[in-house]
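Student: Could we go through this model term by term, with each label set against its definition?

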Amino acid sequence: QVQLVESGGGLVQAGGSLRLSCAASERTFYYMGWFRQAPGKEREFVAAISWSGGNTYYSDSVKGRFTISRDNAKNTGYLQMNSLKPEDTAVYYCAAKKTIGTSPRYNYNYWGRGTQVTVSS
């Protein structure tokens, strides 16, 4: 039942920054995550956050460069991306799930439509 809408994607030069937003229709979920998929590649986990506690999780490829956060009052999650590399180019998807006690890296059941992020060299 959760509807997710991503925004903030675009074109940026290598080394630049971009902030993605994910607006949720409701707040009855426990994890919000970000995934990305480049052409010809599998969709991969990027980052996740527990909605109530704010615990964060990152893939090794983005740790130290990306920061995930949320604004509970606005039912909105954010992904701040710094020091962007051409390898970060992909469609970024916001995801959410209501289950707890499971890995924040898997088993999401609500997905946004995605937003394109392109990093030029």
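Student: What makes the connection between β7 and β8 a hairpin, and what is the phi of N75?

Tutor: In this predicted model, where local features need pLDDT of at least 70, side-chain atom pairs count only at pLDDT 80 or more and totals for chains, interfaces and linings use all residues, β7 and β8 form a hairpin with four residues between them. N75, which sits in the turn, has a positive phi of about 55°. Residues are numbered from 1 along each chain as its sequence is written, and side-chain values use heavy atoms, with hydrogens and water left out.

Student: How do you know that β7 and β8 pair, and in which sense do they run?

Tutor: Two strands (DSSP E runs of at least two residues, numbered from the N terminus) pair if DSSP finds at least two bridges between them. Six bridges join β7 to β8, and the two run antiparallel, so the pairing criterion is met. Within this ladder, T67 has Q80 of β8 as its bridge partner.

Student: What other strand pairs with β8, and over how many bridges?

Tutor: β3 pairs with β8, again in the antiparallel sense and over six bridges. There, L20 stands opposite L79 of β8.

Student: Why are C22 and C94 called a disulfide?

Tutor: A disulfide is a pair of cysteine sulfur atoms within 2.5 Å, and the sulfur atoms of C22 and C94 are 1.9 Å apart, so the pair qualifies. The structure holds one disulfide. Since C22 lies in strand β3 (residues 18–24) and C94 in strand β9, the pair ties together parts that are 72 residues apart in sequence.

Student: What is the handedness of the disulfide, and how do you know?

Tutor: The torsion about the S-S bond of C22 and C94 is about -80°, so the disulfide is left-handed. Both cysteines, C22 and C94, are buried, a word that means under 20% relative accessible area, with exposed meaning over 50% and partly exposed in between (1.4 Å probe, protein chains only).

Student: What makes E26 and K98 a salt bridge?

Tutor: A salt bridge is a side-chain nitrogen of Lys or Arg within 4 Å of a carboxyl oxygen of Asp or Glu. For E26 and K98 the closest N and O atoms are 3.5 Å apart, so the pair satisfies the rule. The pair links distant parts of the chain, with E26 in the loop between β3 and β4 (31–37) and K98 in the loop between β9 and β10 (110–111), 72 residues apart. E26, at 22% relative accessibility, is partly exposed, and K98, at 30%, is partly exposed as well.

Student: How many salt bridges are counted in the structure by that rule?

Tutor: The count comes to four. Among them, E44 and R36 have their closest N and O atoms 2.8 Å apart, and D88 meets R65 at 2.8 Å, N to O.

Student: Are D88 and R65 buried or exposed, and how do you know?

Tutor: D88 has a relative accessibility of 2% and therefore counts as buried, and R65, at 11%, also counts as buried. Salt bridges that share partners join R36, E44, R65 and D88 into one network. R36 in that network is buried at 5%, whereas E44 is partly exposed at 35%.

Student: What does K97 have around its side chain, and how far away is the nearest side chain of opposite charge?

Tutor: K97 lies in strand β9 and is buried, yet has no salt bridge, as the nearest side chain of opposite charge, E26, is 16 Å away. Lys and Arg count as positive and Asp and Glu as negative, while His and the chain ends are not counted. The side chain of K97 reaches the backbone oxygen of S103 at 2.5 Å, and a polar atom of the K97 side chain lies 2.6 Å from the backbone oxygen of Y106.

Student: Why is P86 called partly exposed, and what does P86 touch?

Tutor: P86 has a relative accessible area of 33% and is therefore partly exposed. P86 is found in the loop between β8 (76–81) and β9 (90–97), and touches A14, V119 and S121 (contact meaning heavy atoms within 4.5 Å), not counting residues up to four places away in sequence. P86 and S121 are 35 residues apart in sequence and 6.2 Å apart in space, C-alpha to C-alpha.

Note on methods
A polar contact is a pair of N or O atoms within 3.5 Å; within protein, one must be able to donate a hydrogen and the other to accept it, and residues adjacent in sequence count only if both atoms are side-chain atoms.
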